Amino acid sequence: MSQPNPILGTMTSRLTTPPTSRSGHILSRAVTFQFALDPNAQQRILLDKCAGARRFTVNHHLARVRANLDVRSAEREAHGDVGETTEPSTPSLSWSGFSFINEFNAWKNGQSDDSPLNDDGSCGLAWRHELPSDVFECASVDTARALENFSSSKRGERSGTPVGFPRFQAKGKVTPSFRLRNRATPGTAPSSQPVRFTDPAHLRLPRFGPMKLFGPTLKVRRMIDAGRFHIYSATLSQRAGRWTVSLTGVAAELHRAERSRTNRHAGPVGVDRGIISLCVAADANGIPIESFEGVKILKQALVKLKAANQTLARTTPGSKGRQRARSRLARTHRKVANTRRHLVHQASRSLVDRCQILVLEDLNVAGMVKNRTLARSLSDAAMGELSRQLLYKARWHGVEVRVADRFFPSSKMCSGCGVVKDDLDLSTRTYSCGACGLIIDRDLNAAINLARWRPKEPSAVTLVVPTRASLLSTA
Ligand SMILES: [Zn+2]
């Protein structure tokens, strides 16, 4: 059984077979647990330093790569030949995570020609020993990955929106964050892993010691103790003044009873994004299954957001009041984001618990026409997240997900007689059919149509089972 590479962690585990824990569980689910942290004064300083070190490392690599690219393109131009036959005399840099780690280690340890010189005559990065070395290595690996995304996008091998050259990390412009790996294989006893819970309220991280955290940890601790979850890495990030930790790793499959529930709705259930609610679910017989209020609660939060924005606008730039108003606005943003995430998790969990077959509309979120109405764009964003969560939770719980083709007129078709309207305004909340006289809630109508959707060819059923690799990359 191959174990993940301790240096690259999750990067190589994408390519290998799932690891096995010491209790014999096959860890094939990519799972992340997130907790808010309550660091002490010393830990807070170290957190800030680590985030700074990450920015520093990323910028170091980007500057080297940028300079190398510029020199090579200047040489190409000097040749007066744009053809691919003439190679510039300056060799191109390797963009791999390994070479980035090696180069940066040599540079910071004073073993490289361009290592920094200190006042006391020593060579190398003076403050390197204050921080866990993992901060530098993870930043190097992440930069390599960002550059790989950029180059594969440039070669046209990457789907989705084009990815540009990675941005330089400016303090105050990027979310302070960094990553630490749990340098232990899945077979290691929990008590000897570098990243571990020391008690229900404390997480130990290398160099940080036990750090206090909020929220219930019982579930994750039980999973770790039973060998059903292994932490690959801990990502720490600060939003609106609060540090959170995301523990990313691999977990065992859910219990058989969870994967094959007997009390689920047997027939296909259509899920349509609502205009007022987050989503509406109904079956082919027109029976509403569930309707999740969501956008309404978010709208209330938006009122607060607007007030916080106005307060900010009334303050004088550079004043204490401005600082206070800004942090209040950031806290409100954080609250809106947390509320949305919570609601979407609730809805997706409830749907996979209650239904055996889910039919979604094809949401090409990236390519969707940007809509100006706030409520609509909110529901679009929430629905995109909902379908992402439904896909992975469906796989965990043994639920089938079908995606109706993009041209299926789920909103415009009458669920009573099948007549398709030419046009249906977004503001129209009730569907009234001119042919059969049916009057029905617009979202419910669409959900019923989706539940009745059948692929044109039986073989073309889009049974979406996300691969482990795609799950890991979104985790
Ligand atoms: Zn009709």
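Contact here means heavy atoms within 4.5 Å. This is a predicted model, in which local features need pLDDT of at least 70 and side-chain atom pairs count only at pLDDT 80 or more, while totals for chains, interfaces and linings use all residues. Residues are numbered from 1 along each chain as its sequence is written, and side-chain values use heavy atoms, with hydrogens and water left out.

**Exercise 1.** Work out which residues Phe229 touches, and place Phe229 in its nonpolar core.

Solution. Leaving aside residues up to four places away in sequence, the partners of Phe229 include Leu27, Val31, Phe33, Val220, Met223, Ile224 and Leu247. Phe229 and Leu247 are also among the residues with the most contacts inside the largest nonpolar core, which has 38 residues. Such a core is a set of buried (under 20% relative accessible area, 1.4 Å probe, protein chains only) Ala, Val, Leu, Ile, Met, Phe, Trp, Tyr and Cys residues joined through side-chain atoms within 4.5 Å.

**Exercise 2.** Identify the donors of the zinc ion and the geometry of its site.

Solution. Taking as donors N, O and S atoms within 2.8 Å of the metal (3.2 Å for Na, K and Ca), one finds the SG atoms of Cys414, Cys417, Cys433 and Cys436 at 2.2 to 2.3 Å. In sequence, these donor residues follow the spacing C-x2-C-x15-C-x2-C. The angles among the 4 donor atoms are 108 to 112°, and the site is therefore tetrahedral, since four donors count as such if all angles lie between 85 and 135 degrees.

**Exercise 3.** Decide whether Cys414 is buried or exposed.

Solution. Cys414 has 1% relative accessibility and therefore counts as buried.

Notes. Four donors count as tetrahedral if all angles lie between 85 and 135 degrees; four count as square planar and six as octahedral if opposite donors are over 155 degrees apart and all others between 65 and 115; anything else is irregular. Buried means under 20% relative accessible area, exposed over 50%, partly exposed in between (1.4 Å probe, protein chains only).
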